[in-house]
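User: Here is a model I would like to understand in detail. Please take one part and walk me through its packing.

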Amino acid sequence: MIIYEDIISGDEVLADTFKIQEVDKVLWECDCRKYMKTKNEDFELEGANPSAEGGEEEGGEGEQVMVHDIEDQFRLVWLKTEEGLKPSKDAFKAHLKSYMKKVLTKLQETNASAEKIAEFKAGAPAAVKKILGNYDNYDVLMGQSMDGDAMHILIDFREDGVTPYATLWKHGLKEVKV
């Protein structure tokens with residue numbers, strides 16, 4: 001199995017268990033699945049005493065929430081402002097500009113091939129334009145560490161309006177075999 005880590009934060013954000021499609025040589029898209037999950041799912045070991053462990057004595061069903069499999073599997077966090085909204089398009093544009101510089105620096109520091117660096121430099125501007133053009137449709141998530149400088153994972157829906165998919169920066173990921 002291959003896990004993909006964000007090269008800036010080190011957060012695990014993707015695995016080869018998802019069907020990954022390359023887009024414009026710099027982005028990856030993968031279809032996701034939405035499902036209901038019990039919020040704050042806790043489990044209790046047989047014979048455990050919840051009151052002695054600081055838990056609640058009363059059981060009960062937790063609140064059900066809709067989650068994306070990629071969000072749940074990699075503990076991604078929804079990026080929202082204090083008002084509960086995603087960042088403004090201008091704020092996200094500023095993040096992308098900074099993020100592109102960080103990825104390029106990281107590629108150079110890790111001695112990435114000249115071809116890989118050239119591919120990123122050539123494709124990134126068009127990908128940024130494409131993302132910003134569709135920004136209103138995206139939900140924005142970030143890795144578990146909540147590193148604001150790291151990659152933001154974008155969730156949108158396919159043309160069918162039912163199938164969610166995630167968009168990630170191909171060059172912002174490091175492959176780790178497990």
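The part in question is helix 3, with the sheet, helix and rings around it.

Analyst: This is a predicted model: local features need pLDDT of at least 70, side-chain atom pairs need 80 or more, and totals for chains, interfaces and linings use all residues. Numbering starts from 1 along each chain as its sequence is written, and side-chain values use heavy atoms, without hydrogens or water.

Start with the sheet. Six strands (DSSP E runs of at least two residues, numbered from the N terminus) build an open, antiparallel sheet in the order 3-4-10-9-8-7. Strand 3 (20-23) and strand 7 (77-78) are the edges, each pairing on one side only. Pairing takes at least two DSSP bridges. Strand 3 and strand 4 (residues 27-31) run antiparallel and are joined by four bridges. Within that pairing, E22 faces W28 of strand 4.

Helix 3 (residues 114-133) packs on this sheet. Its contacts (heavy atoms within 4.5 Å) reach strand 3, strand 4, strand 9 (152-157) and strand 10 (164-169). The direction of helix 3 makes about 140° with that of strand 10.

Helix 3 also packs against helix 2, at an angle of about 170° with the axes 11 Å apart. Helix 2 is therefore roughly antiparallel to helix 3 (over 145 degrees). On the helix 2 side, the meeting residues include F92, L96, M100, V103 and L107. On the helix 3 side, they include I117, F120, A124, V128 and I131.

Now the rings. The model has three aromatic pairs (ring centres within 6.5 Å). Y4 and W28 are edge-to-face (planes over 60 degrees apart), at 5.0 Å centre to centre and 80° between the planes. The pair spans 24 residues, from Y4 in strand 1 (residues 2-6) to W28 in strand 4. Y4 and W28 are both buried (under 20% relative accessible area, 1.4 Å probe).

F92 and Y135 are stacked (under 30 degrees), with 4.9 Å between centres and 25° between planes. They lie 43 residues apart: F92 in helix 2 (residues 89-109), Y135 in the loop between helix 3 and strand 8 (139-142). F92 counts as buried because its relative accessible area is 2%. Y135 is buried too, with a relative accessible area of 2%.

Y135 has another partner. The charged end of K86 sits over the Y135 ring, 4.4 Å from its centre (Lys NZ or Arg CZ within 6 Å of the centre and within 35 degrees of the ring normal). In a second such case, R158 lies over the face of Y165, 4.1 Å from the ring centre.

Conventions: Axes fitted to C-alpha atoms, helices over the stretch in contact; angles between N-to-C directions. Phe/Tyr/Trp six-rings, centres within 6.5 Å; stacked < 30°, edge-to-face > 60°. Buried < 20%, exposed > 50% of the residue type's maximum accessible area, 1.4 Å probe, protein only. Parallel < 35°, antiparallel > 145°, perpendicular 65-115°, else oblique.
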